[in-house]
Amino acid sequence: MPVCEMNSDGAEQGEGGCQEPDVIARGNILESFTENEEIRGLINNLRGVYGNLGTQEVAIEKFKVIMDKYQEQPHLLDPHLEWMMNLLLDIVRDNKSSSSLVHLAFKFLYIITKVRGYKTFLRLFPHEVSDLQPVLDMFADQKPNDYETWETRYMLLLWLSMTCLIPFDLARFDGNIVSEEGHTRMPIMDRILKVAKSYLVVSDKARDAAAVLISRFITRPDVKQKRMADFLDWTLSTLSKSSFQTMEGTIIMDGMLQALAQLFKHGKREDCLPYASTVLECLDNCKLSESNQTLLRKLGVKLVQRLGLTFLKPKVATWRYQRGCRSLAANLQFSAQVPVVQNMVAAAAVAAAAEEEYDIPGEVENVIEQLLVGLKDKDTIVRWSAAKGIGRITGRLPKELADDVVGSLLYCFSFQETDSSWHGGCLALAELGRRGLLLPSQIADVVPVILKALTYDEKRGACSVGSNVRDAACYVCWAFARAYDPLELRPFVNQISSALVIAAVFDRDINCRRAASAAFQENVGRQGTFPHGIDVLTAADYFAVGNRVNCFLNISVYIASFPEYTQPMIDHLVNMKINHWDSVIRELSTKALHNVTPQAPEYMTTVVLPRLIPLAVGTDLHTRHGAILACAEITHALYKLAAENNRSIMNYFNEKSLEGLKQIHRELCSRQLYRGLGGELMRPAVCTLIEKLSLSKMPFREDPIIGDWQWLINDSLRSLPLVSTTARQQIKEAAVSALAALCNEYYINEQGEANPALQGELLQLYISELQNPEEMIRCGFSLAVGALPRFLLKGKLQQVLEGLKKVICISPKYVSFAESRRDGLKATAKVCQTVGVKGEGSQDEFVCKDNIIQIYRMLLSGMSDYTTDSRGDVGAWVREAAMTSLMEVTLLLVQNEPELLDVNICKQMMCCIAQQSAEKIDRFRAHAGSMFLTLLYFDNPPIPHIPHREELESIFPRSEAVTLNWNAPSQAFPRITQLLGLPAYRYHVLLGLTVSVGGLTETTVRYSAQSLFDYMKTIQNDLGSMNNFCETLLRVFEDNLLNDRVSVPLLKMLDQMLANGCFEIFTTEENHPFSLKLLALCKEEIKKSKDIQKLRSSIAVFCGMIQFEGDMRKKVLFQLFLLLCHPFPVIRKTTASQAYEMFITYSDIVESDILDEVMTVLSDTNWDAELPLVREKRNHLCDLMKLQKPQLLSKSAAL
């Protein structure tokens, strides 16, 4: 929290953390107040707008918007405050101004005050003697409970607090206080006091201004003699009678406490001292610390510290520490020469001689005790106020008592205390340090506490507390940098610098990392003694530490290259981070250990690993998890270091370490730690250990541990259905990676081949598990088969492909297994890449001419997977994997044996991908588009047999291949629809466009439909192209009849196309074959359908088909009249409504003399009525239009 005050940008920060970089970049960029003319115009125009509520609100909002721009730089308003105030007060003082105009002027004044702050604005109020009476008179017109005009009362109270300071005895203004009627008038002094008292108990912001008024009025020399005692009696009486248990009591206590705090702040000590003990006693009786109102507790602490300052003489502690040199340049030139300390010694001697002996009132102990309790409050603002109070009071105490305060303060850092106590203690230490009240002799006691606070982190349930403590500890380091001479902090430089670097790089929270970076920067500038300060600061500046992954994996490596920081960083990761409650931090920490291992390999070998191995089999789950991962990462890093230096990995390991690494799995297995929720962390951790030990070529060949590891991998894959969905993917990936590394290192003999018995046993097990009835087990073993090395697949390729084929194919029993089909497709591509290509080779060893057709059929089958379940279109995962696999296998073939690719394979592949690039889901459309262009523009060598390559290259220019955003429908569909002109792609692209144009997403529908209509315009007058398009459209319809995924969007698309006149060229020809075929398909689609959406779409299509001439119209009308008597009332109503609109649009289809009657029947009939009544109306329409009446079939006839 407080550390953010030291940010170079000067922006205020909240408790929740520092602002993001982009916000900071936009802040504090104004140079002057540029809207003065606009503001002047708004104020001058108030008389014209106040009568109209609308224009009044507009004026207020404009004024607010302009003023709010200067919230961060309010000082820019200072040159303009006076004329703004004068313009507004002219309106207030004008007798002709109505009350609503006066309220509006005061509202504008309040907005200015809110931005600039009342303390600055207060001084500008006119405070002549002549102003006192008018301001007081204005209060007579105010209603304290009018919530709409509180700004007026607030500003009047502030104005009165200024005018009441006139340097004349107020009694002189009373004159003859007996009025003409014989009644005694209230003196001015009492009138002001009455106003102040009345507004101390209101519920709005006027209460704050009333407290300001009290502090200025009661402290006047004439008022304090006559009214101060009475006012304090009234205040304390009101306080004692009020209770913070009620809202009304809370408001009253708030006003009283504010008034007392302001009074004891601005009043002279000799005036307030006689009453201080009484006020403190009353405050103790209120027991504000038990209140749940944060503001009351804060005001209580504020008042207590003011009372404490009243008890103590206002003198600066002569014993305080004063830093001799404040020059930044001098600090940067600081050298190790013997410093000049004579001045400080002399100052200390003078201080000791001048230390005046005087009695400290007993109440001070009570005050300090309450402030120490306030440091432990649950709310930050209370702790912050208490910390400032501790600093102020300690500055007036003798040295011995101040030492006692510091000693009591250090008790806040006991591990029995809460995070609130630690946070408050840090704030108080920073205050003491800033004020020079923490002597150099006490730094040795304070620094260890601060170092603990910099890493304070306590787990609470599913999260932790302590980020505010760490942030405040950084604030202490920042304050110390400014307070102490470099000589004083020199003994602690290495500890503080290492701790701040660790916090800046390894803290979990961004605000703490940035706070530590800022504190480090302050120390580098002020102290000049931090090792490699500029270099570290350049790498870990305020913005660089914003990215946590970058901090752990990159910045830490650079800083660890400086020997002063290497070991402390490693120790921190091992002691504090690998056992962190957040798994992300544990994993990042182990990777950081991997990266810094080259900086201290001997330390890692001799100290860190022996410490980690026992932890890897310990009792704490998080520690165990982090330690296992750390062992894995450090071992792999040592192997890479040994390989770079042409040394053996065994140079870094002894027998004890090797045995310890082997025993990790056995120990966990014997204690059954792979079961339950803990097993979800242990399985991937040990699999990662297996992978890293295998990659590190550890000497475990022929060791029984290899069999144990293999069992764990297999068991982890079999256990996938039993673990939570969040852990499933991680376990699967870790097991597959471990299998690949294990096989490559320990299952291959010197001839580069596998043991036949082991190969047969392993493949038989894995292929049999591909048919497991559990989907997740299929997924795991599919990926495991894909990860097997070539020597294990040798001679078994056809068997593996047959097993994967069964996974990929959709069977009625396992139709919902989309994830296993996805992983099966991925595995197929991986297997092909592993075994390689050899055209004339054996189909059991290579991808060759004998199995290439089978492989492509497997991959292409995934392109037609449109399985849906409660999660949505899960088949999209399969299609995505199929596209990726097709691209990988195709690139593999074209780089090795391009002649294996025949024309049909290439055509089918490109058409299927083109279809996906025209479909409705943005992410998968983008993936398809990327695959399509990758295949089109692959040059090493080019892929043969791509249909219409030249036309494709003109539609998708190579220069735009990278910049084209397939995610954006506005960019993708105008290109895709151009493929409709290419015969090879027309069917598949139209099929994909159908689900986009007839979809639900507004942007997709809009741009896909517009692109389709634009294409139709280009072929509108080309009869051949139109015939080809319509023939393809009918084929799409026919192939997907009763397939709701396509047919419903197709009906919606047809509706839009008919409405846009896309088939206008056919409308003039009677009984055109296209219209007849389309009508027949529509009838077949809705036959016996109960799908409301489909029926509604078909009604719209029938109405659109009325534009075709000839017998077609009678057939269409017959279908519509059939639907007028549909069993579903909603369909009857929809048909009547759309038929009505159709007759308006195509009025020529009905004779003019019966048109009105037809329209009347359609509009006036209650189509929700019983079917016999509706049927009678429908038959009447048939008679009017001379159409055959639909006949009602008996059930037996219908069957």
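**Stop 1: Phe1029**

Select Phe1029 in this predicted model. Set aside the neighbours within four places in sequence, and phenylalanine 1029 is in contact with Leu980, Arg986, Leu990, Leu1012, Tyr1015, Met1016, Ile1019 and Met1057.

Now widen the view to the largest nonpolar core, which has 405 residues. Which of its members touch the most other members? They are Tyr985, Phe1029 and Phe1143. Nonpolar side chains tend to be buried together in soluble globular proteins. Keep Phe1143 highlighted; a later stop returns to that residue.

**Stop 2: residues 908-1094**

Select 908-1094. UniProt, in an unreviewed entry, places the feature "domain: Tubulin-folding cofactor D C-terminal" here. Colour by secondary structure: the span is 67% helix and 0% strand. The C-alpha atoms at its two ends lie 31 Å apart.

**Stop 3: the loop between helix 46 and helix 47**

Go to the loop that runs between helix 46 (922-936) and helix 47 (949-955); proline 941 is in it. Check the peptide bond from asparagine 940 to proline 941. Is that bond cis or trans? It is cis, with omega near -5 degrees.

Step along to histidine 945, in the loop between helix 46 and helix 47. Its phi is near 65 degrees, a positive value in a residue other than glycine. Histidine 945 has a relative accessible area of 39%, so it counts as partly exposed. The band for that label runs between 20% and 50%.

**Stop 4: two more loops, Lys1088 and His1072**

Select lysine 1088, in the loop between helix 54 (1073-1086) and helix 55 (1092-1104). Here too there is a positive phi, about 60 degrees, and lysine 1088 is not a glycine. Is this lysine 1088 buried or exposed? Its relative accessibility is 75%, so lysine 1088 counts as exposed.

Now move to histidine 1072, in the loop between helix 53 (1064-1067) and helix 54. Relative accessibility is 8%, so histidine 1072 counts as buried. Show its contacts: not counting residues up to four places away in sequence, histidine 1072 touches Asn1027 and Phe1066.

**Stop 5: Ile1106**

Continue to isoleucine 1106, in the loop between helix 55 and helix 56 (1111-1123). Its relative accessibility is 0%, so isoleucine 1106 counts as buried. What does isoleucine 1106 touch, not counting residues up to four places away in sequence? The list is Arg1113, Val1116, Leu1117, Met1142, Tyr1146 and Ile1149.

Draw a distance from isoleucine 1106 to glutamine 751. These two are 355 residues apart along the chain, and their C-alpha atoms are separated by 78 Å.

**Stop 6: helix 57 against helix 58**

Select helix 57 (residues 1129-1145) and helix 58 (residues 1152-1164). Two packed helices are described by the angle between their axes and the distance between the axes. For helix 57 and helix 58, the angle is about 160 degrees and the axes are 9 Å apart. Angles over 145 degrees count as roughly antiparallel, so helix 57 is roughly antiparallel to helix 58. The crossing of helix 57 and helix 58 is left-handed.

Show the side chains. Helix 57 makes the contact with Ala1136, Ala1139, Tyr1140, Phe1143 and Ile1144. Helix 58 supplies Leu1155, Val1158, Met1159, Leu1162 and Ser1163. Phe1143 is thus back in view, as part of this contact.

**Stop 7: helix 31 against helix 33**

Jump back along the chain. Select helix 31 (residues 583-596) and helix 33 (residues 621-644). Their axes are 8 Å apart, at an angle of about 25 degrees. Are helix 31 and helix 33 roughly parallel or antiparallel? They are roughly parallel, because angles under 35 degrees count that way. The crossing of helix 31 and helix 33 is right-handed.

On helix 31, the contact is made by Arg586, Glu587, Thr590, Lys591, Leu593 and His594. On helix 33, the contributors include His622, His625, Gly626, Leu629 and Ala630. Further members of the helix 33 set include Glu633, Ile634, His636, Ala637 and Lys640.

Next, pick aspartate 620, in the loop between helix 32 (601-615) and helix 33. At 41% relative accessibility, aspartate 620 counts as partly exposed. Its C-alpha atom and that of tyrosine 866 are separated by 46 Å, with these positions 246 residues apart along the chain.

**Stop 8: Arg1175**

Finish at arginine 1175 in helix 59 (residues 1171-1185). Relative accessibility is 22%, so arginine 1175 counts as partly exposed. Draw one last distance, to arginine 185. The pair is 990 residues apart along the chain, and the C-alpha atoms are separated by 92 Å.

Note on methods. Residues are numbered from 1 along each chain as its sequence is written. This is a predicted model: local features need pLDDT of at least 70, side-chain atom pairs count only at pLDDT 80 or more; totals for chains, interfaces and linings use all residues. Side-chain values use heavy atoms; hydrogens and water are left out. A nonpolar core is a set of buried Ala, Val, Leu, Ile, Met, Phe, Trp, Tyr and Cys residues joined through side-chain atoms within 4.5 Å. Buried means under 20% relative accessible area, exposed over 50%, partly exposed in between (1.4 Å probe, protein chains only). Contact means heavy atoms within 4.5 Å. UniProt positions are given in the numbering used here, feature names are shortened, and annotations may be inferred rather than shown by experiment. Helices (H or I, at least four residues) and strands (E, at least two) are DSSP runs, numbered from the N terminus. Axes are lines fitted to C-alpha atoms, for helices over the stretch in contact, and angles run from 0 to 180 degrees between N-to-C directions. Angles under 35 degrees count as roughly parallel, over 145 as roughly antiparallel, 65 to 115 as roughly perpendicular and the rest as oblique. A crossing is left-handed if the near helix is turned anticlockwise from the far one by less than a right angle, and right-handed if clockwise.
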